[in-house]
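Q: I am new to this structure and would like to learn how to read it. Can we go through it feature by feature?

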Amino acid sequence: MRLSVERVSHPALEVRDLRFEYEPDEGRARLEIAALRLAGQRWSRLRLDCPQARMSLQALECRGGRLRADGRPLPFRLELTLDTAGRRGQLVIADGAGGRVVARLATDGSLRAKLSRLSLQSLASWLPALADWQAEGHFDGEAEWLDRGGAERIRVRGTLTGGGFSSADGLRAGEALGVELELDAHTRSGGWDWSASLGWHEGASFWDPFYLEAGPVLEASGRLRGDRLEVRQANVTLDGVERLAASASVDLARAHVDEAALSLAGADLARVGPRFLAPLLSPARADQLRFAGSVSAGLRLVDGTLVELDAVFVEAGFSLAAPGGGVAFGPLSGHLPWRAGEATRARLQIEGGRWGKLALGAFDLEVALAGTGAHVERARVPLLDGAVVLEGLALRREEAGWSGSGSAFVEPLSMPLVSEALGLPAMTGTLSASLPGLRLRPGEIVLDGALVVSVFDGYLRASGLRVREPFGVGAYLSADVVARHLDLAQLTDTFSFGSISGFIDADVLGLELAHWRPQAFDARIVSSEGRYRKRISQRAVQNISALGGAGAMAALQRSLLGLFETFGYRELGLRCVLRGAVCEMSGIEDGDLADGGFRIIRGGGVPALDVIGYNRRVDWKELVDRLQRVLAENVSPVVR
């Protein structure tokens, strides 16, 4: 007996090129299907062999049945008995690992199945999606199909125990998973109305970059018609969230989300932040981030693109612990509305913040939003006893990241307060700065023009300032720094270096910092032009000599040093060219001596004093260590 069917079509399945053969004398039967589509899955070259088969007008029987797909044997055994006259029967499928599916057809036309310890590993040979994820675990449950006068209904209930999965790249995995699910669907107007629930009660999962634990419960309902899936409402019960709901329209044929909406109400950031925000903001230091306050939000996507976003913050804030004080921001309150096709304005109230020991005061921030751009006309951020003022800051989101431009200036800050906040020796005076042109590129901050800082009655000017990956592991800075007319008396008194009166100019050209450590520069310090008092103390002489190492010495009138506390000088000069962790040192331009030494200080007045250096190549780390030892010395040395 042979039967051929070219095609069978149904909204839930499609069969092509079905062939059935039955040999009653030998009691064998074979069923072959070239292609099968069922519940969104597709198979080819399916074959069922029944070595013990019996077929009549009243009954159909298959024992010891074996399945193959794509020419490969599947780990299932099949037993089928069907009473066609009584319209009842039973199908048993065993997976060889203790798992069984027992399906019974009742006389009323209903079909009920019981699944016992069905292995996901065994199903993986039948379902390619499970094989790709290396699925494991066992499933127990019940399924029912009813047909009442053309109105069909499907109900499924089950539990997954010991579940696990892993992606090929290792970025998604789960273990010891326990999940309960329910599905109820019925036909209406050519489609299926459905409702489902999913409860995760055991195990944990890593879904890069998030680590998730059991607890969430999903309840959803919608409609399926052909390849169109409508999720009318989905609610998620999540610890720390008052309400989380979503809706969506999905094209199953293209695996594409045509439209989706999400609403979040009353998310407690102290509980939600460590799980979902910290891995995004700072994966390497997620355990050091703390959050406070709450946020509510709503968003809408069309064709996978965000078109609307509303966020409301209530006393929201975060802090990152670190040596020296870390970073803190907030509390923040306000409303951030954004629309893809129209201009909006966000208004936020920030109560303050902290960067290390630099304290920020309260300020308001108003941001004009349009498309992928944001503009801040002016914002004054209180800092210590002054402020940082931003003007004309324009940002835009591009494919590579954020870019933009603007300007900023620093209102005068008290140097004693700045020194204390930065952990530096107490300095007098004030600090102010002007940054006329700031440009932001993905992973880079560039300063057009010059950064000018007033300090020690003189000023510092940095030009060509460029910072790459400022908050990353590959932080890099380059700039040229020029200092003019710095008061040596204030400078040396501040750093307890000894006393030097006078003024200096300094150039640090080609400065390069990697990981905020100097890698290269050409630095030169010289006396400023002009007439002013020039005196240097014994301690300053000793400390300058110590920086030169064992070869440094004080020359001229050496025998009289012990008789004087201070000495006159005419000029000073010191140069260090850093390359490859070695500092090439020299002194006053015309101060090289015949014996190879170089003059650092040229004496003048009575008594006069020259300081001569002999070590021209000095290890940079050793030089820094010497300077730190000099600054740490509390007792003024006496030269004898």
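Q: In which sense do β10 and strand β11 pair, and over how many bridges?
A: This is a predicted model, so read every value as computed from it. In a regular strand the side chains alternate between the two faces of the sheet. Here β10 and β11 (residues 136–148) run antiparallel, paired over seven bridges. One bridge to look for sets Leu118 against its partner Phe139 in β11.

Q: Which strand pairs with β10 (residues 111–119) over six bridges?
A: That is strand β9, residues 100–105, again in the antiparallel sense. Find Ala103, then its bridge partner Ala113 in β10. The two strands form a hairpin with five residues between them. In that hairpin Gly109 takes a positive phi near 90°.

Q: What about the hairpin of β35 and β36: how many residues lie between the strands?
A: Two residues lie between them. In this turn His515 has a positive phi of about 55°. The strands β35 (residues 503–514) and β36 (residues 517–527) are antiparallel, with nine bridges. Glu512 stands opposite Ala520 in β36.

Q: Which other strand does β36 pair with over six bridges?
A: It is β39, and the sense is antiparallel. Arg524 has Arg575 in β39 as its bridge partner.

Q: Now the interior. Which residues have the most contacts inside the largest nonpolar core?
A: The general idea comes first. In soluble globular proteins, nonpolar side chains tend to be buried together. In this model the largest nonpolar core has 51 residues. Leu451, Ile536, Ile544 and Ile601 have the most contacts inside it. Strand β39 (residues 566–579) gives the largest share of this core, five residues. Apart from this core lies another, of 21 residues. Among its members are Leu18, Leu118, Leu123 and Phe139. Two of these names came up earlier: Leu118 and Phe139 are bridge partners.

Q: With which residues is Leu451 in contact, leaving aside its neighbours within four places in sequence?
A: They are Ala433, Ser434, Leu435, Leu460, Arg461, Ala462 and Leu465.

Q: Is Ser537 buried or exposed?
A: Use the cut-off: buried means under 20% relative accessible area. Ser537 has 9%, so it is buried. Its place is in strand β37 (residues 535–537). Leaving aside neighbours within four places in sequence, Ser537 is in contact with Gly498, Ser499, Glu565 and Thr566.

Q: How many disulfides does the structure hold?
A: It holds two. Number the bonded cysteines in sequence order, and the pairing reads 1-2, 3-4. In one, the sulfur atoms of Cys50 and Cys62 are 1.8 Å apart. Cys50 belongs to strand β4 (residues 41–50) and Cys62 to strand β6 (residues 59–69), so the bond ties together parts 12 residues apart in sequence. Both Cys50 and Cys62 are buried.

Q: Why is the disulfide of Cys50 and Cys62 left-handed?
A: Look at the torsion about the S-S bond. It is about -95° for Cys50 and Cys62, so this disulfide is left-handed.

Q: What forms the other disulfide, and is Cys583 buried or exposed?
A: Cys576 and Cys583 form a disulfide with their sulfur atoms 1.7 Å apart. Cys583 is buried, at a relative accessible area of 0%. Cys576 is buried too, at 9%.

Q: Next, the rings. How many aromatic pairs does the structure hold?
A: There are seven. A pair of aromatic rings is described by the distance of the centres and the angle of the planes. Take Trp133 and Trp207: 5.8 Å centre to centre, 10° between the planes, a stacked pair. This pair links distant parts of the chain, 74 residues apart. Trp133 is in the loop between α2 (128–132) and β11, while Trp207 is in strand β14 (residues 191–207). Trp133 is partly exposed at 32% relative accessible area, and Trp207 is partly exposed at 37%.

Q: Why is the pair of Phe521 and Trp620 edge-to-face?
A: The ring planes of Phe521 and Trp620 stand at 75° with the centres 5.3 Å apart, so the pair counts as edge-to-face. Phe521 lies in strand β36 and Trp620 in helix α7 (residues 620–632), 99 residues apart. Phe521 counts as buried, at 7% relative accessibility.

Q: Which residues form one aromatic cluster with Trp133?
A: Phe165 and Trp207 join Trp133 in that cluster.

Q: Where does the charged end of Lys534 sit?
A: It sits over the ring of Tyr532, 4.9 Å from the ring's centre.

Notes: Residues numbered from 1 in each chain as written. Predicted model: local features only at pLDDT ≥ 70, side-chain atom pairs only at ≥ 80, totals over all residues. Heavy atoms only, no water. Core = buried A, V, L, I, M, F, W, Y, C linked by side-chain atoms within 4.5 Å. Buried < 20%, exposed > 50% of the residue type's maximum accessible area, 1.4 Å probe, protein only. Helix = DSSP H or I, 4+ residues; strand = E, 2+ residues; numbered from the N terminus. Contact = heavy atoms within 4.5 Å. Pairing = 2+ DSSP bridges. Disulfide = S-S within 2.5 Å. Phe/Tyr/Trp six-rings, centres within 6.5 Å; stacked < 30°, edge-to-face > 60°. Lys NZ or Arg CZ within 6 Å of the ring centre and 35° of its normal.
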